[in-house]
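Let's take a friendly walk through this chain, from a single residue out to the packing of its helices. Have the viewer open as you read.

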Amino acid sequence: MATKRGDHRLTIQIAVAIVLAILTALLLPSVVAIGQDTTAESSSDQLVARANYVLVPLRLGGEVFLRLLKMLVVPLVIVSVMSGILGLGDVRKLGKPGLAAVSYYLITTVLAVFVGIILVNLMNPGGQAIDEDTKAELANSEASVKEKVYLAVAEHSGTTDDNVASIFGDDEYTERKNPGVSRVLENLVLMMFTDNLFRSAANMELLPLIFFSIFFAGLLTTLGSKVDLIVKFTHQVNEALMSFILLIMRFAPLGIFCLVAARFGQANVLGDFFDELRKTGSYSLTVLAGLAVHAFITLPAILYFFTHRNPYKFMFQMSQALLTAFSTGSSSATLPVTMESAVDEANVSKKSVDFVLPLGATINMDGTALYEAVAAIFIAQVVGADLSLSQQLIVAVTATLAAIGAAGIPEAGLVTMVIVLTAVGLPIEYMSLILSVDWLLDRFRTTVNVFGDACGAAIVEKTFPAEELIADSV
């Protein structure tokens, strides 16, 4: 593994790349407008066309880096989970860490939801008048908004809108029917199992891959010396993949610069992003405040209580993964970096990392759950619906379940947002109010998700047998 000194330098380089990318995006309209006739009627179209000459190579560079990270996710999840189980020697030792991991994820998600609900009630962002012109713009039908949401997620995840709809229970997408809570619960169970392992791998459906890896590795632990070759091969592939991650991360500053500059630059060139951000400023501030409370107070308090680690030092140790999460907007794509940082920088046991982090990248979505609760109540405030305590509890439960069912891909929370709104009878056409700023907020909530995963690995580490952790560190 890389030295810590080198890793710290890389973290600084990534941070600088993000700052330079944002500055590039802010300056892009002014630079491409040099020499352009601003009096022409088509000046706006010309500006966008000229900006595309810069944005296209940036998007290409960012997409290449993102795909390199995603390329490693499926083999890394399978091999790392199997390696972690095989390292225990006895599958029965998995019971306590497994229960601890699931309990941690469920508790922190519920806490995040309640933080969001408390803040949105206190700050009341939807109570600040939305002008009639803005409301008039929300003339989209329910079906068209759902289609926009599914297409947005499909574009970022590299799949089709039909696949996105089916993943979240909307099997009758063509008839525009809303999925309910019962369908979510049904899908959560079915998501654990697959009838085609290769199709799940191709679609990057991690939960069935994790369950297969746990069961298969558990079976191998009962076969003794007959499977020594498979066990040795699994450990060796795991080490090779981690070395591959370190190689890719050498190009992280350039890849992250391209990702951030392309996305921020596109929003800035179109010219309406900052107007939309001003319209939803109170809502965005509420979401960010909730994420800050969860990231800087709730999770650190839990981490310190169970491990006595300095949570803010731990946050700094995980900074490389957190910056990557902000840049990619995907906890799944960030998973290879999260695992490398947790082991090399934060000194979390590899056994705990191999088992906990792949599971966390799939089901631990604290930031997404908080955002969905805030967004639902914000929309209720805008339309003048006074949600009762029982209805807000329904929002809390539904947001928790929907977040667990959300894939670790950019903007997947938009799809599950439909479920939360319909659970309390709110009009989903008002999602148009938050679509324009969602891509930015998504980066912050993904960063919180990844930090929550890392805290979980450090906490669950304490439930592994002491002799296993000693052997793991040797």
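A good place to begin is V418, which lies in helix 20 (residues 413–423). V418 has a relative accessible area of 1%, so this residue counts as buried, the cut-off being under 20%. Its C-alpha is 8.5 Å from that of M431, with the two positions 13 residues apart in sequence numbering. Please keep in mind throughout that this is a predicted model.

**The chain as a whole**

Stepping back from that residue, the chain holds 22 helices and zero strands. Of its 474 residues, 54% are buried. What share of the contacts between residues at least 6 apart in sequence join residues at least 24 apart? The figure is 82%. As for the outside, the accessible surface of the chain is about 20,300 Å², and carbon and sulfur atoms account for 64% of that surface.

**How the helices pack**

Two packed helices are described by the angle between their axes and the distance between the axes. Here are three pairs to look at in the viewer.

| Helix pair | Angle between axes | Distance between axes |
|---|---|---|
| Helix 3 (residues 95–123) and helix 13 (residues 281–307) | about 140 degrees | 9 Å |
| Helix 15 (residues 319–328) and helix 16 | about 170 degrees | 8 Å |
| Helix 13 and helix 21 (residues 432–460) | about 0 degrees | 10 Å |

Start with helix 3 and helix 13, whose axes make an angle of about 140 degrees. That angle makes helix 3 oblique to helix 13. Helix 3 passes helix 13 in a right-handed crossing. On the helix 3 side, the contact is formed by Y104, T108, L111, A112, V115, L119, V120 and M123. Helix 13 brings L285, T286, A289, G290, V293, H294, T298, L299 and I302 to the contact. Sorted by class, the residues of this contact of helix 3 with helix 13 are 12 nonpolar and five polar, with no charged ones.

Helix 13 also packs with helix 21, at an angle of about 0 degrees and with the axes 10 Å apart. Helix 13 and helix 21 are therefore roughly parallel to each other. The contact of helix 13 with helix 21 has 19 nonpolar, four polar and one charged residues.

How are helix 15 and helix 16 oriented, roughly parallel or roughly antiparallel? Their angle is about 170 degrees, and an angle over 145 counts as roughly antiparallel, so helix 15 and helix 16 are roughly antiparallel to each other. From helix 15, the residues Q320, A321, T324, A325 and T328 meet T334, V337, T338, E340 and S341 of helix 16. By class, this contact of helix 15 with helix 16 has three nonpolar, six polar and one charged residues.

**Two residues of helix 3**

T108 sits in helix 3. Is T108 buried or exposed? With a relative accessible area of 1%, T108 is buried. Setting aside residues up to four places away in sequence, T108 touches H294, L299, I302, N364 and D366. H294, L299 and I302 also appear among the helix 13 residues in the contact with helix 3. T108 and G367 are 259 residues apart in sequence, with their C-alpha atoms 10.0 Å apart in space.

F114 is also placed in helix 3. At 35% relative accessibility, F114 counts as partly exposed. Which residues does F114 contact, leaving aside its neighbours within four places in sequence? They are L393 and A396. F114 and L370 are 256 residues apart in sequence, and 7.6 Å separates their C-alpha atoms.

**Two loop residues with positive phi**

Finally, have a look at two loops. H308 is in the loop between helix 13 and helix 14 (311–317). H308 is not a glycine, yet its phi is positive, at about 60 degrees. Its relative accessibility is 60%, and H308 counts as exposed.

N347 belongs to the loop between helix 16 (331–344) and helix 17 (350–363). N347 has a positive phi of about 55 degrees, although this residue too is not a glycine. With a relative accessible area of 44%, N347 is partly exposed.

Terms used: Residues numbered from 1 in each chain as written. Predicted model: local features only at pLDDT ≥ 70, side-chain atom pairs only at ≥ 80, totals over all residues. Heavy atoms only, no water. Helix = DSSP H or I, 4+ residues; strand = E, 2+ residues; numbered from the N terminus. Buried < 20%, exposed > 50% of the residue type's maximum accessible area, 1.4 Å probe, protein only. Contact = heavy atoms within 4.5 Å. Areas by Shrake-Rupley, 256 points an atom, 1.4 Å probe, with all protein chains shown as cover. Axes fitted to C-alpha atoms, helices over the stretch in contact; angles between N-to-C directions. Parallel < 35°, antiparallel > 145°, perpendicular 65-115°, else oblique. Left-handed = near helix turned anticlockwise from the far one by under 90°. Nonpolar A, V, L, I, M, F, W, Y, C, P; charged D, E, K, R; others polar.
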